[in-house]
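Reader: I am new to reading protein models and would like to go through this one step by step. May I put some questions about its sheets, its helices and its ligand?

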Amino acid sequence: VKARVALVGATGVVGRTALKLMMEHADLWEVSLFASKQCTLDLEGRLLNVHPLDQADFSCFDVCMFATEENVSKRWIESALHAGARVVDSSSWRRLDPSVPLVVPGVNQQILQKEHSLCAHSNCIVSPLACVLAPLNVLYGLKCIHIATYQSVSGAGKYGVEACLMETKKKLSGTPLETSYFPKNIGFNVIPQIGQLDHMGHSSEEEKIQKELHRILQVDCPIFSTAVRVPVLQGHASAVWVEFQRPWSKEEVQEAWCKAPHIEVAREYQTPLELQGRDVVSVGRVRQLTPFHLAVWVCSDNLLRGAASDMVDIAKIMVQQKN
Ligand code: 2RA
C-alpha cells in the first residue's frame, strides 16, 4: 500500500520542488498538500488543492514533510509527532538537538533509525559541502577548513526571489529603490550577511555552516566561513580551502569523489546556471596549494541538495522503514 504523506509548505520554492520530485515516485505515496492558507497550486498545468495547515489532521499521515521556516516548524511539528506521524523537518529548528538525527543523504543516512520520529536535514549550503568533505575526511583527516559562500536569493525563499527581480527591474528602469527584503539592496549587489549577526559579528548562516558540518562529519576542526548573498536566482556556490592532517593526492581525491554519492567532478568547473534543476554537487577548479592544502569550487542547485532532494530522500527511507 502507498504511504500517506503530508507536504507542509507546499507553495514555497522548496515545497514545490519537493512535490515535483515526489510525483516522479507516485507509486510510493499519496501526497496531501498544506500551506498557511487554502489555495490551488498550478504545478506545470495540473491544478492541485492545497489545504489550510490549521485544519490538518496529522493522524491521517505516516510521514509529514515540513518545507517550512523555523517558526512554522516549531509551531506545528509537535502536533504531528503527537498524532503519531514521522516528520522530516527542513528548518533549522532542531538540527543541533542530539536526540534528532541530522541527515545528509549519501553521507550519513544510516543514523536514521525506525525509532526516530523526527529527522532534520541540513542547510542548503551545508549539505553539498558535507557531500564533498566527507570522502576527504576519510582519506586524510580534516584539520582546518575555510569557506566563502555565494548564495542565491531562492535560499531565502520566494520573497527573496521576488525582491531580487523587483530590485533588478527598478535599477534597470532608473526607479529609486526602497529598503529591501534583504539587509541591503540585492539587485546588482552582493551582501556579506545571511541571517542575524551575533555579538562577535558572525552571521547565523556562518554559525550553521560550522555547527552542522561539525555534527554531520563528526569532526571538531576549525571551520571558518563568510556567507554572502549574491543576486543569482537559483544555485549556491562555495570556494573552499581545506587543510589535511596527512598529505593528499589529486588522483586519489578525484577517484574518491567519482565514487561518492551525488558528486560530479567537472573537467574545469560549473556554475549555478548550469546546475539549475540538476540533482548533483559539482566540484571543480581542484588545486593543490601545498601537499597538505586543497582548494575546490563547489556548486549545486540549492532547491535540490540541502532542500527538496534531501527531504524526499529522507521521506523515502521512512517509507521503506515502515514496510
Ligand atoms: C539561505 N542556506 O540560503 C540558507 C537557507 N536556505 O538563505
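Author: We begin with a definition: two strands count as paired if DSSP finds at least two bridges between them. The model before you is predicted.

Reader: How many bridges join S3 to strand S4?

Author: Strand S4 covers residues 46-52 and runs antiparallel to S3. Pairing requires at least two bridges. S3 and S4 meet that requirement, as the number of bridges joining them is 5.

Reader: Which residue in S4 stands opposite Leu41?

Author: S3 and S4 run antiparallel, and they form a hairpin with 2 residues between the strands. In that hairpin, Glu44 takes a positive phi near 50 degrees. Across the pairing of the strands, the residue in S4 opposite Leu41 is Leu48.

Reader: Which strands are the edge strands of the sheet of 8 strands?

Author: This open sheet has mixed pairing and the order S3-S4-S2-S1-S5-S6-S8-S7. An edge strand here pairs on one side only. The strands that do so are S3 (39-43) and S7 (102-103).

Reader: Which residue in S8 stands opposite Val88?

Author: Strand S6 (residues 86-89) and strand S8 (residues 118-121) are joined by 3 bridges and run parallel. In the order of the sheet, S6 is followed by S8. The residue of S8 that faces Val88 is Cys119.

Reader: At what angle to S6 does helix H2 run?

Author: Helix H2 comprises residues 70-82 and lies across strand S1 (3-8), strand S5 (63-66), S6 and S8. The direction of H2 is compared here with that of S6, and the angle is about 160 degrees.

Reader: Let us turn to the other sheet. Which strands stand at its edges, and why is one side of each left without a neighbour?

Author: The sheet is open, with 6 strands in the order S10-S9-S11-S14-S13-S12 and mixed pairing. Each edge strand has a single partner strand, so one side of it is left without a neighbour in the sheet; the two are S10 and strand S12 (263-265).

Reader: By how many degrees are neighbouring strands of this sheet turned against each other on average?

Author: The value is an average over neighbouring strands of this sheet, with direction ignored. It comes to 20 degrees.

Reader: What angle does the direction of H3 make with that of S14?

Author: H3 packs on this sheet and touches S9, S11, S12, S13 and S14. Its direction is set against that of S14, and the angle is about 150 degrees.

Reader: Which residue in S10 is the bridge partner of Gln151?

Author: S9 pairs with strand S10 (residues 223-229) in the parallel sense over 7 bridges. With S11 (residues 236-244), S9 (residues 142-151) runs antiparallel and shares 8 bridges; Ala148 is there partnered by Ala239. On the S10 side, the partner of Gln151 is Arg229.

Reader: How many charged residues are in the shell around the ligand?

Author: Gln151 also appears around the ligand, together with Asn123, Cys124, Ile125, Gly155, Ala156, Ile194 and Glu205. By class, this shell has 4 nonpolar and 3 polar residues, and the number of charged residues is 1.

Reader: Is H3 parallel, perpendicular or oblique to H5?

Author: Helix H3 (residues 126-140) packs with helix H5 (residues 204-217) at an angle of about 45 degrees, the axes being 10 Å apart. Angles under 35 degrees count as roughly parallel and 65 to 115 as roughly perpendicular. The angle therefore makes the relation of H3 to H5 oblique.

Reader: How many nonpolar residues are in the contact of H3 with H5?

Author: H3 contributes Val126, Leu129, Ala130, Leu133, Ala134 and Asn137, while H5 contributes Lys208, Ile209, Glu212, Leu213, Ile216 and Leu217. Of these residues, 1 is polar and 2 are charged, and the number of nonpolar residues is 9.

Reader: How is H3 placed with respect to H8: parallel or perpendicular?

Author: The axes of H3 and helix H8 (residues 304-322) come within 8 Å and cross at roughly 95 degrees. Val126, Ser127 and Pro128 of H3 meet Arg305, Gly306 and Asp310 of H8. Angles of 65 to 115 degrees count as roughly perpendicular, so the placement of H3 relative to H8 is roughly perpendicular.

Definitions and conventions. Residues are numbered from 1 along each chain as its sequence is written. This is a predicted model: local features need pLDDT of at least 70, side-chain atom pairs count only at pLDDT 80 or more; totals for chains, interfaces and linings use all residues. Axes are lines fitted to C-alpha atoms, for helices over the stretch in contact, and angles run from 0 to 180 degrees between N-to-C directions. Helices (H or I, at least four residues) and strands (E, at least two) are DSSP runs, numbered from the N terminus. Angles under 35 degrees count as roughly parallel, over 145 as roughly antiparallel, 65 to 115 as roughly perpendicular and the rest as oblique. Two residues are in contact if their C-beta atoms, placed from the backbone, lie within 7 Å. Ala, Val, Leu, Ile, Met, Phe, Trp, Tyr, Cys and Pro count as nonpolar, Asp, Glu, Lys and Arg as charged, and the others, Gly among them, as polar. A residue is near a molecule or strand if its C-beta atom, placed from the backbone, lies within 6 Å of it.
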